[in-house]
Amino acid sequence: MHRDIERRRRQELATLYASLRNLLPPKYIRGKRSISDQVDGAFSYIKYLKKRIDGLSGKRDELKKGMSMSCIEAFPSSVVVRQSLDGVEIVISDSVGAQALTLSKVLQQLLEEGLDVVNCVSSRTDGALIHTIKYEHHNS
């Protein structure tokens, strides 16, 4: 009975390590077979993500600060800057009356910050317009 319990425990650990390995980008597990190497790869990836989150949070705060002067003071909006699968998004929710001018000012602010707008999608939801803007840094 003790052997069966231990075998199940090892199988469960192997399954959990496989799940962890599947969550990591290939760069962090390349050629790493031992469990300690995989855990070290996960640790490195988590540290990388933490740095990236901190950097993006700073950028978000800078953008919000810049936009608050040029956009938000003039028009009551909800502005959210967030990481997306393929870059960074700015989501603006507006009452229908002010959306065009607010969107225009946000796009202008992004250009002044040295960012290129890659995509901008607007949709109407519950009497408000939601603008989702994807941008990237200039490739200089």
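In this predicted model, the side chains of D4 and R7 meet in a salt bridge, with an N to O distance of 2.4 Å. The two residues stand three apart in helix α1, which runs over residues 2-23, so about one helical turn separates them. Both partners remain partly open to the surroundings: D4 is partly exposed, with a relative accessible area of 35%, and R7 likewise counts as partly exposed, at 40% relative accessibility.

Helix α1 also holds E6 and R10, which lie four residues apart, or about one turn of the helix, and whose side chains form a salt bridge at 3.7 Å, N to O. Here E6 is partly exposed, with a relative accessible area of 25%, while R10, with a relative accessible area of 47%, is partly exposed as well.

A comparable arrangement can be followed in helix α2, where D54 and K50 are four residues apart and therefore separated by about one helical turn. Their side chains meet in a salt bridge of 3.0 Å, N to O; D54 counts as partly exposed at 41% relative accessibility, and K50 counts as partly exposed at 48%. Returning to the earlier helix, salt bridges that share partners join E6, R9 and R10 into one network. A search of the whole structure finds four salt bridges.

Helix α2, which spans residues 35-72, is also the place of Y48. Together with L49 and I53, Y48 makes a nonpolar surface patch of about 260 Å². Y48 counts as partly exposed because its relative accessibility is 35%, a value that lies between the 20% limit for buried residues and the 50% limit for exposed ones.

From the surface, the reader may turn to the interior. In soluble globular proteins, nonpolar side chains tend to be buried together. The largest nonpolar core in this model has seven residues, namely I92, L103, V106, L110, L115, I133 and Y135. Helix α3 (99-112) and strand β4 (128-137) each supply at least two residues of this core, and α3 gives the most to the core, with three residues. A second core, separate from the one just described, has five residues, among them Y28, I29, A42 and Y45.

Notes
Residues are numbered from 1 along each chain as its sequence is written. This is a predicted model: local features need pLDDT of at least 70, side-chain atom pairs count only at pLDDT 80 or more; totals for chains, interfaces and linings use all residues. Side-chain values use heavy atoms; hydrogens and water are left out. Patches are made of residues with over 30% relative accessible area and no salt bridge: like charges are joined within 9 Å, nonpolar side chains (Val, Leu, Ile, Met, Phe, Trp, Tyr) within 5 Å. Accessible areas come from the Shrake-Rupley method with a 1.4 Å probe; for residues, only the protein chains shown count as cover. Buried means under 20% relative accessible area, exposed over 50%, partly exposed in between (1.4 Å probe, protein chains only). A nonpolar core is a set of buried Ala, Val, Leu, Ile, Met, Phe, Trp, Tyr and Cys residues joined through side-chain atoms within 4.5 Å.
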